[in-house]
Amino acid sequence: MKFSVALACLLLPAAEAFTPSSSNVGSKTVLANDLFGGDDDGKGATKDMSKALPFVPRPKLLDGELAGDVGFDPFNFAGADKASLYYMREAEIKHSRLAMLAVAGWPLAELFDKPLADAAGLPTLLTKSGASPSILNGGLGNVDIAYWAVVVALAGIVEIESDKTREEKGKSYLLGDCNFDPLGFFPEDKVKRQAMMTKEIKHGRLAMMALTGFVVQEAIFRIPVVAETPFFFKP
């Protein structure tokens with residue numbers, strides 16, 4: 001867990017860089033790369049620089065339209081056009097939501113799986129060290145096939161509902177909208193909507209990095225994250 005805490009502390013400032021800003025940062029450095037789009041003002045400075053990397057022009061496609069967009073795409077994952085960008089953003093949102101669920105479920109499983117399994121007279125699914133089952137930790141073979149069937153079915157339902165929502169809403173469709181908001185958290189006001197979507201994507205990005213920290217730490221040290229720093233998880 002020390003590794004995860006250190007990783008989160010190191011990456012938190014980077015996550016904060018994804019906060020939208022109303023100002024563009026000037027720079028005297030111009031990179032001649034077709035992936036980037038910055039207009040030279042004639043004095044060696046570009047008017048439209050990346051907010052995440054203010055010493056380079058922002059990528060052409062990252063124009064601030066999407067929540068959490070601060071012009072950071074050094075490997076050009078966004079692709080060559082808007083269709084590719086929207087596809088990748090939708091994938092990012094889905095992975096972010098899964099990571100937020102997983103980063104909470106991972107330590108909860110390590111805390112409660114064994115006592116609940118013992119109470120029900122069932123074998124625990126945790127590894128011998130008490131860690132959550134994963135590809136690197138092992139133990140996935142002990143998970144009942146019915147669980148995987150339910151997971152695949154739920155994923156299919158989400159995808160179908162997302163496609164239906166996209167078709168029904170047309171141009172008003174928002175990326176990641178799967179028609180699920182039972183508690184009415186999503187506001188009607190456009191400014192508040194953008195703020196809510198920015199919060200979601202920032203928390204999701206941090207969750208993806210934190211979950212990676214969980215996986216790597218347990219694979220290296222063979223100690224459950226809840227045992228590494230028990231003061232976070234145990235009274």
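**A pocket, a helix crossing and some loops**

The second largest pocket comes to a volume of about 640 Å³. Everything described here rests on a predicted model. Which residues sit nearest the centre of this pocket? They are Phe-72, Asp-73, Phe-77, Glu-92 and Arg-205, and they belong to a lining of 21 residues. Sorted by class, that lining breaks down into 13 nonpolar, three polar and five charged residues. Two helices turn up in the wall: H2 and H4 each give at least two residues to the lining of the second largest pocket.

Stepping back to the whole chain, how many helices and how many strands does the protein have? The count is six helices and zero strands, so the pattern along the sequence reads α-α-α-α-α-α. As for what is tucked away, 29% of the 235 residues of the protein count as buried.

Back to the two helices that help to line the pocket. Helix H2 covers residues 82-120, and its axis is 7 Å from that of H4 where the two pack, at an angle of about 50 degrees. Is H2 parallel or oblique to H4? With that angle, H2 counts as oblique to H4, because an angle has to be under 35 degrees to pass as roughly parallel, and roughly perpendicular only starts at 65. The crossing of H2 past H4 is left-handed. In the contact of H2 with H4 there are 14 nonpolar residues, along with four polar and seven charged ones.

The loops have their own points to look at. Start with the loop that links helix H1 (2-16) to H2, which is where Glu-65 is found. Glu-65 has a relative accessible area of 40%, so it is partly exposed. Along the chain, Glu-65 and Gln-194 are 129 residues apart, yet their C-alpha atoms are separated by 9.7 Å.

Next comes the loop between helix H3 (145-169) and helix H4 (190-221), home to Phe-185. Is Phe-185 buried or exposed? Its relative accessibility is 57%, and Phe-185 therefore counts as exposed, since the cut-off for that label is over 50%. Measuring from C-alpha to C-alpha in the model, Phe-185 lies 8.7 Å from Met-196, with their positions 11 residues apart in sequence.

Asn-179 also has its place in the loop between H3 and H4. What stands out about the backbone of Asn-179 is a positive phi of about 60 degrees, although Asn-179 is not a glycine. Most residues other than glycine have a negative phi. Arg-222 shows a positive phi of about 60 degrees as well, and it is not a glycine either. This residue, Arg-222, lies in the loop between H4 and helix H5 (225-228). Arg-222 counts as partly exposed because its relative accessibility is 46%, which falls between the 20% limit for buried and the 50% limit for exposed.

Notes: Residues are numbered from 1 along each chain as its sequence is written. This is a predicted model: local features need pLDDT of at least 70, side-chain atom pairs count only at pLDDT 80 or more; totals for chains, interfaces and linings use all residues. Side-chain values use heavy atoms; hydrogens and water are left out. Helices (H or I, at least four residues) and strands (E, at least two) are DSSP runs, numbered from the N terminus. Buried means under 20% relative accessible area, exposed over 50%, partly exposed in between (1.4 Å probe, protein chains only). Axes are lines fitted to C-alpha atoms, for helices over the stretch in contact, and angles run from 0 to 180 degrees between N-to-C directions. Angles under 35 degrees count as roughly parallel, over 145 as roughly antiparallel, 65 to 115 as roughly perpendicular and the rest as oblique. A crossing is left-handed if the near helix is turned anticlockwise from the far one by less than a right angle, and right-handed if clockwise. Ala, Val, Leu, Ile, Met, Phe, Trp, Tyr, Cys and Pro count as nonpolar, Asp, Glu, Lys and Arg as charged, and the others, Gly among them, as polar. On a 1 Å grid over the protein atoms alone, a cavity is a set of points where a 1.4 Å probe fits but cannot get out, and a pocket is an open set with protein on both sides within 12 Å along at least five of seven lines; lining residues have an atom within 4 Å of a point. Grid points are joined across faces, edges and corners, and a volume is the space filled by probe spheres set on the points.
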